[in-house]
Amino acid sequence: MSQSKLTDRFGRTVNYVRLSVTDRCDFRCVYCMAEEMTFLPRQQVLTLEEIARVAKTFVSLGTEKIRLTGGEPLVRKDILELVKEIGTYGLRDFAMTTNGSQLPTMADPLRKAGLKRLNISLDSLDPDKFASITRTGKLSRVLDGIDAAKDAGFEGIKLNTVVMKGGNDHEVPDLVEFARKKGVDITFIEEMPLGEISEHDRGQALCTSDEVRDIISQRHELVATTEDSGGPARYYRMPDSSIKVGFISPHSHNFCSTCNRVRVTVEGRLLLCLGNEHSVDLRRVLRGHPVTDDKLRQAIIDSMDLKPEKHHFSSEGDVQILRFMNMTGG
Ligand code: SAM
């Protein structure tokens, strides 16, 4: 694999790209979206061919890991065609983040199309709680999806849980037992202030990774590891289990100094940082130069000068980043 040609002003190498393939989703998770959402008109959204051009150009610049996300990537029509295409690019890691609702039928075709790893969001094991967090989701469907993903033989499956104090924090032990039983990794995420929500107060609901780790430590010894999945999580292991427990802590353990990532929204906006608005309009370049990728390549190289040193998240006061996570590409 080629060396990354993308290095920013702070000496960080970018070799991981998250591509959002849709802003639409069949769930309306309370921390992610408003109940009533307006989605983008079709002409503003990159075509699958445009997304593939972006992916291929990043790979030519040394990207080794691509994650498809959204919105819910599995509600995008013909997503399997995109997965098949990107699957031919020889990536070290090719992953998707999904809510799992379509996995009962899609897990096997996705694996066969070349996807290597799945992150599946799971915030509750209680059907009523799950329905209230996701507003429209059905837990049994997601649990079936997790089983289908296991049967399909992915190289890695990880559960993602956003922990909210007074919301689902009491379920942390059950979620860990569930992950241990299924033999899948689990990562606990601190809620980030993306988009204005009305369901709860983010400051009051913030459950830090240290607090989650304390809850788990009451039942299981957690041993810190230096293992790295190429993303922002820090991992722990338990002596009596094969699974990893990860923590993504944008508030309490800022992960900016080792940031190796950029995101491309479904409108083709290249976001240099999750917690800042610095961006480049790749759609304009793609559509202005439909035949060759030289300009696209140069725009991506030049964008590195815009990558900010760090984000400043705070759960107090006004929301700082107005775009919701479904627009950002989680
Ligand atoms: N629909 C897919 C899913 O549910 O996994 C992919 C997109 S979703 C935006 C990606 C991840 O971002 C999910 O694990 C979700 O829980 C997380 N997420 C969404 N909004 C968040 C927020 N405000 N803070 C932290 N994580 C968030």
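Q: Which residues of helix 6 are buried?
A: In this predicted model, helix 6 spans residues 172-182, and its buried residues are V172, P173, L175, V176, F178, A179 and K182.

Q: And what covers those buried residues of helix 6?
A: The cover includes two helices, helix 5 (139-152) and helix 8 (209-217), together with strand 5 (156-163) and strand 6 (185-190).

Q: Which residue follows helix 6, and what is the sign of its phi?
A: The helix is followed by G183, which has a positive phi, near 70°.

Q: Moving on to strand 6: is T187 buried or exposed?
A: T187, a residue of strand 6, has a relative accessible area of 0%, so it counts as buried.

Q: What is T187 in contact with, leaving aside neighbours within four places in sequence?
A: With those neighbours set aside, the contacts of T187 are K158, L159, N160, T161, A233, Y235, G246, F247 and I248. Strand 5, one of the elements covering helix 6, covers residues 156-163.

Q: Change of topic: where does UniProt place the feature "binding site"?
A: One set of positions in the unreviewed UniProt entry is Y31, G71, S121 and M192. The "binding site" annotation from UniProt, again unreviewed, also covers C256, C259 and C273.

Q: How far apart are those three cysteines in space?
A: The largest C-alpha distance among C256, C259 and C273 is 9.0 Å. They cluster in space although they are spread over 18 residues of sequence.

Q: Where is C256, and what does it touch?
A: C256 sits in the loop that runs between strand 9 (244-248) and strand 10 (261-264). Not counting residues up to four places away in sequence, C256 touches R12, E309, K310 and H311.

Q: And C259: what is it in contact with, leaving aside neighbours within four places in sequence?
A: C259 lies in the loop between strand 9 and strand 10. Its contacts, with those neighbours left aside, are R12, T13 and K307. R12 is thus a contact of C259 and is also touched by C256.

Q: Are the two buried or exposed?
A: C256 counts as buried because its relative accessibility is 7%. C259 is buried as well, with a relative accessible area of 12%.

Q: Back to the other set: where is Y31, and is it buried or exposed?
A: Y31 is in the loop between strand 1 (16-20) and helix 1 (48-60). Its relative accessibility is 14%, so Y31 counts as buried.

Q: What does Y31 touch, not counting residues up to four places away in sequence?
A: On that basis, Y31 touches D123, I133, V162, M164, E191, L194, I197, H200 and R202.

Q: Why does S121 count as partly exposed?
A: The relative accessibility of S121 is 24%, and the partly exposed class lies between the buried limit of under 20% and the exposed limit of over 50%. S121 is found in strand 4 (residues 117-121). Leaving aside neighbours within four places in sequence, its contacts are T97, T98, N99, V142 and N160. N160 is also among the contacts of T187.

Q: What about the overall fold: how many helices and strands?
A: The protein has eleven helices and twelve strands. Of its 330 residues, 59% count as buried.

Q: Why does the radius of gyration agree with a compact globule?
A: A compact globule of 330 residues would have a radius of gyration near 20 Å, and the protein has 19 Å, which therefore agrees. The C-alpha trace spans about 55 × 45 × 40 Å along its principal axes.

Notes. Residues numbered from 1 in each chain as written. Predicted model: local features only at pLDDT ≥ 70, side-chain atom pairs only at ≥ 80, totals over all residues. Heavy atoms only, no water. Helix = DSSP H or I, 4+ residues; strand = E, 2+ residues; numbered from the N terminus. Rg over C-alpha atoms; globule rule 2.2 N^0.38 Å. Buried < 20%, exposed > 50% of the residue type's maximum accessible area, 1.4 Å probe, protein only. UniProt positions renumbered as here; feature names shortened; annotations may be inferred. Contact = heavy atoms within 4.5 Å.
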